[in-house]
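Here is a short tour of a protein chain, looking at its charged pairs, its sulfur links and one of its sheets. Keep the structure open as you read.

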Amino acid sequence: MVPMTKAVAISAVLTILPYTSAKLADRGRFEAAKKQRQGGRRIVAQPRKTLPIEGPKYRATRKHNFKEDVSVSAPSYQADTRIGGVRRPTEVVDSPEQFRRQLSSQLTGCCYNYQSYSAMDMCAMYGNDCESGEQPSHDSGDEECSQAGLSFIGISFSVNTPTGNPYSYQLCDQFPMENLIDRNYDYVMSMDEDGWLVGGGYKSFDYSGKMPYIDSSHTELLRIGSLDPEYGGTSIEQVYSAMDSLSFPPFAVFPEYVKGGGGGGSGDGDNSVPSGDITLIVSIVDSYTDYGTYSTYDDFLDNLFDAMDAVGGGACMDDHDTDPHVSMARGVKFKSLTHQQKYFFQSNLEVAVWQSMYPKGVVIGSHGYAKFPPESKSAKKLYVGYGNLYFFFDRANITKAFLPNRDLTDKELGYATIYSSGNAGTYYEATTTIDFDYNKGSGSKDNSDQEYWEHNPYSWNAKMAKHDMTDGWDLPPGCEQEGETFLGIPLSQYSDSKLQGTKSFQDQFDFENLLDRNFTYIQKFGTNHGWLVGEEVGNGAGSIVDKDTAHIPLFYTGTLNTEMGGIDLKDLIKVVETIDFGELYIKPAFVFQDDDGSIKLQFEADASSALGYLYNSLCSMLGITWNYESPYNNLGLYSNCAMHAAGDRAKYGCGPDNANTGGFCPQMTLAYRVSFQSEEHAAKYLQRSNNYVDYWRSLYPSGVAVGTSKFCPHGGCLALFLQRQDPLMIFSPNQAGSWIEFMGGTVAPTISPAPTYSGGCDDIRNSKLDKCYRKKHARKASAIAWDALGKVGQLSLFLLFFMASTLTLSIFHARARNRKNDGESYLSFFIRDMRGEGKKRKKKLRKKIGKGTLDQDLLEDEQADNKIRTVPARPGKLALSHKKSKRSSTPSFDPDVTPRASGKPRRRPNSGDRSRSATAYANVSAKPKKDTSNSRRQLV
């Protein structure tokens, strides 16, 4: 770093200020600047209609024409002047020493070669089309509906299982849907990121890394669509009003068969395993009333459409009922045709058992309790019952249940409780064959007619790391289970429009400016997911309300199941912690729509940046053995399921300076499979988004290391994701420590190497390491002892303290009630009692009585006659109370009482002895006469 004078520093700061306070740049300014750089020359392109619209020929043509005209204008830069993370061009690098200095300093910056290029220019150089808008338009044909939606009315088959998500509903006691899925990957090779949609859902920690959603199995009866009336939708209130006005009986459901086919994803090709969906076909059993021409279900549908029309249902609602089916999984890839056939046989054998168990169908329901929606403020759960219909805001969110107009008959209830009562064993033993044809549907040809295929793990290539998450993976050799775990850069932000669980990991980019929440340009999403950077609660499209999951995936590590070829989680953390990487700088390049229909934000793929060096290290240490290249790390911990080769490097990745044959391509997905209203709408959306990307490019000309004041304050951290929803582990640059960050919570680091820099914990650069953190933030012994008690011990101490406090207050109240003066408050008595005035007064009264002459006057005559000294009674409480009560001053006399003699001679008390009685003691020499008139009297 070259030292700067004060004047140069002020000049540099003033140069940066316009960027930090800039607003959205005007497109005309950029066009004018580009013409000026090109000397007034304009790029003459071929007519759009004569160019290929996709494929390698199109990209090659665009890339060649563009670089031929504008690459000569790229200036040279040297990274020796840096203010606030922004680098400025200085002089051309000539000497090898200067070049080495520039290369080493690249670890704290990136992306110098294309600083003067706009987002549209970068899009063309990366081989993408961001101008023509030639994207597929899935217009519904209904001009009154401008927003497609996914809300519907249907029947739920959700189950709660020990291996699934603990928050899943138990709404179906009749069909054990978990018996239809292949959770152990005996037949299935991979699926999309959602995994199995039935059978209980997924836990947060799962080897497959699937999204931790609850069980969302269901069949639609009527697709409501959009919930925004402004776009042709129907509001939730209108749906509720229509359903409340209807009366319907419990509908019985009959399971038909499980089929494959349909779907298919981006991974399909000549050398790829075919992918498809898995679906359970069901039917609603027709039942007829007396003299009824139509079935009760047909009558219900007619009444439902009439009710929706009566409340003003929107044009986005379907005009017909949905064919009943249960979507089980999407983008499924089997290991081979044999595995596929075995799976469908096993799953349909289970359906055959259900058919024998319910020959005329069964009413779906449960004897359990639930509340809708699950985050409802009402803590009371309601009885589920049988025959309910539900309104699904999205497939994972039931908001209301609608009850049938009658209870089940004894016969219906008997069938509905066969499985839950434990009487299904005989049906499983008796059913060994399948009596129906399940080779139906698209892609489900007869087994004998299908051409045999099998997954060839050696057809895997490094470019498969750039994966469509709506489809399954093609796994490398030695890997038997897929996994969505990856290392990347977290970019999510907190916002009031998103779920409360979202946490801010950066404050450099606001991706809200790239979204189209009002459906101005887009028509619909092709999956149940909406915007991946945070979907709004109550969105009109009915998309799953995900929190912000913005991120840049860098390295997919695959499954964490060691028995299936993966690497253990703790071993993965150990390996990553040994990598010394610099601050990870990133720079947005452009927004585009890829061949799979997903909208993505591309970041510059600078192979010489810290991000590129980190990718190289991860591949060489954790990549799979491929093309005679094997990984190596000092710990000897490896995986067969990483989606990157050991010999892959950042220079083989995407971008104009790289070979475009590897897996290094930093991108952030904004939404899956988006359909625009038209090509013009697509072009306008891309232009608007890339205008804002131009603003970011001017703001961070050499990239930025993202972070916040509370998370990774120095910027450039790396995160380990179990799936895209939550980062699990955070790694700081320069081996400055690691910590757990999961579901919005932070846990102090537990594993890290020894202090990296000399000086131990006194060096501030080692402050984040575990050893130094524990030393600086040592817990008190009392806090440790309190935690050691546990919840039960802490509760016991709290109850003990509470009981002692209440006992003390009760004693004080009883004491104060007896001793406080008239009109004296409890507070005044408490203060007086604490001062001890009562005790002092009592002591003074006792002294005054002891010095008095009452005892001497009473006994004066008797002592004179008998010439002896008698012992009077001790003045005390009785005497004091006698005086207070103002009784007769004449003492009572008991003739039978004999005075007790003292064994010691009388002693005259001196004046200093104020704590004893002033009465003297004497020996009794003779018994007093009982009949004397001058008898001795004693105070009692």
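What follows is a walk through salt bridges, disulfides and a sheet with a helix lying across it. One thing to keep in mind from the start: this is a predicted model.

**Salt bridges**

Let's begin with the charged side chains. A search of the whole structure turns up 16 salt bridges. We'll look at a few of them.

Take Lys210 and Glu482. They form a salt bridge, and their closest N and O atoms are 2.9 Å apart. Where in the chain do Lys210 and Glu482 sit? Lys210 is in the loop between β4 (188-190) and β5 (218-225), while Glu482 is in the loop between α10 (425-430) and β14 (486-490). That puts the two residues 272 apart along the chain, so this pair links distant parts of it.

Are these two partners buried or exposed? Being buried here means having under 20% relative accessible area. Lys210 has a relative accessible area of 1%, so Lys210 is buried. Glu482 comes in at 0%, and therefore Glu482 counts as buried too.

Next up are Glu220 and Arg223, whose side chains meet in a salt bridge with 3.0 Å from N to O. Glu220 counts as buried because its relative accessibility is 11%. Arg223, at 23%, counts as partly exposed, because that label covers values between the 20% cut-off for buried and the 50% cut-off for exposed.

A further salt bridge brings Lys400 together with Asp244, and here the closest N and O atoms are 3.4 Å apart. This pair also links distant parts of the chain: Lys400 belongs to strand β13 (residues 397-402), Asp244 to helix α6 (residues 236-244), and they are 156 residues apart. With 26% relative accessibility, Lys400 counts as partly exposed.

Salt bridges can also share partners. In this model, such sharing joins Lys210, Glu482 and Glu484 into one network.

**Disulfides**

Now for the sulfur atoms. How many disulfides does a search of the whole structure find? The count is four. The table shows some of them.

| Disulfide | S to S distance |
|---|---|
| Cys123 and Cys130 | 1.9 Å |
| Cys479 and Cys641 | 2.1 Å |
| Cys654 and Cys665 | 2.2 Å |

Start with Cys123 and Cys130. The torsion about their S-S bond is about 80°, so this disulfide is right-handed. Cys123 has a relative accessible area of 1%, which means that Cys123 is buried. Cys130 is buried as well, with a relative accessible area of 2%.

What about Cys479 and Cys641? Their link is right-handed, with 110° about the S-S bond. Here again, distant parts of the chain are linked: Cys479 is in the loop between α10 and β14, and Cys641 is in the loop between α12 (610-622) and β19 (667-671), 162 residues apart. Both Cys479 and Cys641 are buried.

The link of Cys654 and Cys665 is right-handed too, with 95° about the S-S bond. Cys654 and Cys665 each lie in the loop between α12 and β19, so the disulfide ties together parts that are 11 residues apart in sequence. Cys654 is buried, and Cys665 is buried.

While you're looking at cysteines, find two more. Cys110 counts as buried because its relative accessibility is 1%. Cys111, with a relative accessible area of 2%, is buried as well.

**A sheet and a helix**

Last stop: a sheet. Three strands make up an open sheet, in the order β17-β18-β19, with antiparallel pairing. Which strands are at the edges? They are β17 (588-593) and β19, each of which pairs on one side only. On average, neighbouring strands of this sheet are turned by 20° against each other, direction ignored.

Zoom in on β17 and strand β18 (residues 599-603). These two pair in the antiparallel sense over five bridges. To see what that looks like residue by residue, find Val591, which stands opposite Leu601 in β18.

Finally, add the helix to the picture. Helix α13 (residues 679-699) lies across β17, β18 and β19, and it runs at about 170° to β17.

How values were computed:
Residues are numbered from 1 along each chain as its sequence is written. This is a predicted model: local features need pLDDT of at least 70, side-chain atom pairs count only at pLDDT 80 or more; totals for chains, interfaces and linings use all residues. Side-chain values use heavy atoms; hydrogens and water are left out. A salt bridge is a side-chain nitrogen of Lys or Arg within 4 Å of a carboxyl oxygen of Asp or Glu. Helices (H or I, at least four residues) and strands (E, at least two) are DSSP runs, numbered from the N terminus. Buried means under 20% relative accessible area, exposed over 50%, partly exposed in between (1.4 Å probe, protein chains only). A disulfide is a pair of cysteine sulfur atoms within 2.5 Å. Two strands pair if DSSP finds at least two bridges between them. Axes are lines fitted to C-alpha atoms, for helices over the stretch in contact, and angles run from 0 to 180 degrees between N-to-C directions. Contact means heavy atoms within 4.5 Å.
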